Amino acid sequence: NLAQPAFQRDGGTLSIAWSAVALAVATGLVTYWQMRLTPTARPEHSAADDKTSAEQVAHRMSRQMMFLMPLMTTYFGLVFPVGLSLYWFISTFVAVVQQRYVYGRLRS
């Protein structure tokens, strides 16, 4: 049932749909894969030169988001209905395949 979340409380018992948990984790992994493929802006100078520059802050934020977004996607996949995880997984996987295809075509 795609309308039920991975964890559901029925009265006093907690029921776990392990396939939904696996899909939520797979969605988080695919999101991490997509974030690794996305190029990030690197600061022009080293961290010792200027610790408050906008480029350095943006680079740190993008590095943090590379780890935070997959965790959030996994959490939302566990809390919200399974259909959302399925949608995120398929759309992110298709985006990764498309991105790798385009990068491969640009290299050749």
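These are my notebook entries on a predicted model of one protein chain.

**Ground rules**

I number residues from 1 along each chain as its sequence is written, and side-chain values use heavy atoms, with hydrogens and water left out. Since this is a predicted model, local features need pLDDT of at least 70 and side-chain atom pairs count only at pLDDT 80 or more, while totals for chains, interfaces and linings use all residues.

**Confidence**

I started with pLDDT, the predictor's confidence in each residue, from 0 to 100. The protein averages 85, and 87% of the residues score at least 70. I then asked where confidence is lowest and where it is highest. The low end is strand β1 (residues 7-10), with a mean of 83, and the high end is α1, at 93.

**Layout**

I counted 3 helices and 2 strands, in the order β-β-α-α-α along the sequence. Helices (H or I, at least four residues) and strands (E, at least two) are DSSP runs, numbered from the N terminus. Next I looked up contacts, meaning heavy atoms within 4.5 Å. Of the contacts with a separation of 6 or more, 69% are between residues 24 or more positions apart.

**Surface and burial**

The accessible surface is about 7700 Å², and carbon and sulfur atoms hold 64% of that. Areas are from the Shrake-Rupley method with a 1.4 Å probe; for residues, only the protein chains shown count as cover. For burial I used relative accessible area: buried is under 20%, exposed is over 50%, and partly exposed is in between (1.4 Å probe, protein chains only). By that rule 22% of the 108 residues are buried.

**The core**

Which residues make up the largest nonpolar core? I found 7: Ala6, Ala20, Val21, Leu23, Ala24, Leu78 and Val82. Helix α1 (residues 18-37) gives the largest share, with 4 residues. A nonpolar core here is a set of buried Ala, Val, Leu, Ile, Met, Phe, Trp, Tyr and Cys residues joined through side-chain atoms within 4.5 Å. As a background note, nonpolar side chains tend to be buried together in soluble globular proteins. I followed Leu23 outward: setting aside neighbours within four places in sequence, Leu23 contacts Val82, Ser85, Leu86 and Phe89.

**Helix α3**

I checked the length of α3 (residues 82-107). Its 26 residues should span 38 Å at 1.5 Å a residue, and the end C-alpha atoms are 37 Å apart, so the two agree. The expected span is 1.5 Å times one less than the number of residues. Val82, Ser85, Thr92, Val96 and Gln99 are buried in this helix, and their cover includes α1 and α2.

I picked two residues of α3 for a closer look. Phe89 sits in this helix and counts as partly exposed because its relative accessible area is 24%. Beyond residues up to four places away in sequence, Phe89 touches Leu23, Ala26, Thr27 and Val30. I also took the C-alpha distance from Phe89 to Thr73: 9.7 Å, with their positions 16 residues apart in sequence. Gln99, also in α3, counts as buried because its relative accessibility is 16%. With neighbours within four places left aside, Gln99 contacts Gln34, Leu37 and Thr38.

**Thr74 and Ala3**

Thr74 is in helix α2 (residues 54-79). Is Thr74 buried or exposed? Thr74 is buried, because its relative accessibility is 17%. Not counting residues up to four places away, Thr74 touches Ala24, Val25 and Gly28.

Ala3 lies in the segment before β1 and counts as exposed because it has 57% relative accessibility. The C-alpha atoms of Ala3 and Leu84 are 8.8 Å apart, although 81 residues separate them along the chain.

**Aromatic rings**

My search of the whole structure gave 6 aromatic pairs. One is Trp33 with Phe93, tilted, at 6.3 Å centre to centre and 50° between the planes. That pair links distant parts of the chain, with Trp33 in α1 and Phe93 in α3, 60 residues apart. Trp33 is partly exposed at 34% relative accessibility, and Phe93 is partly exposed at 37%. Tyr75 and Phe76 form another tilted pair, at 5.8 Å and 55°. Rings of Phe, Tyr and Trp (its six-membered ring) pair if their centres lie within 6.5 Å; planes under 30 degrees apart are stacked, over 60 edge-to-face, and the rest tilted. Phe76 is partly exposed at 28%. Last, I noted one aromatic cluster formed by Tyr75, Phe76, Phe80 and Trp88.
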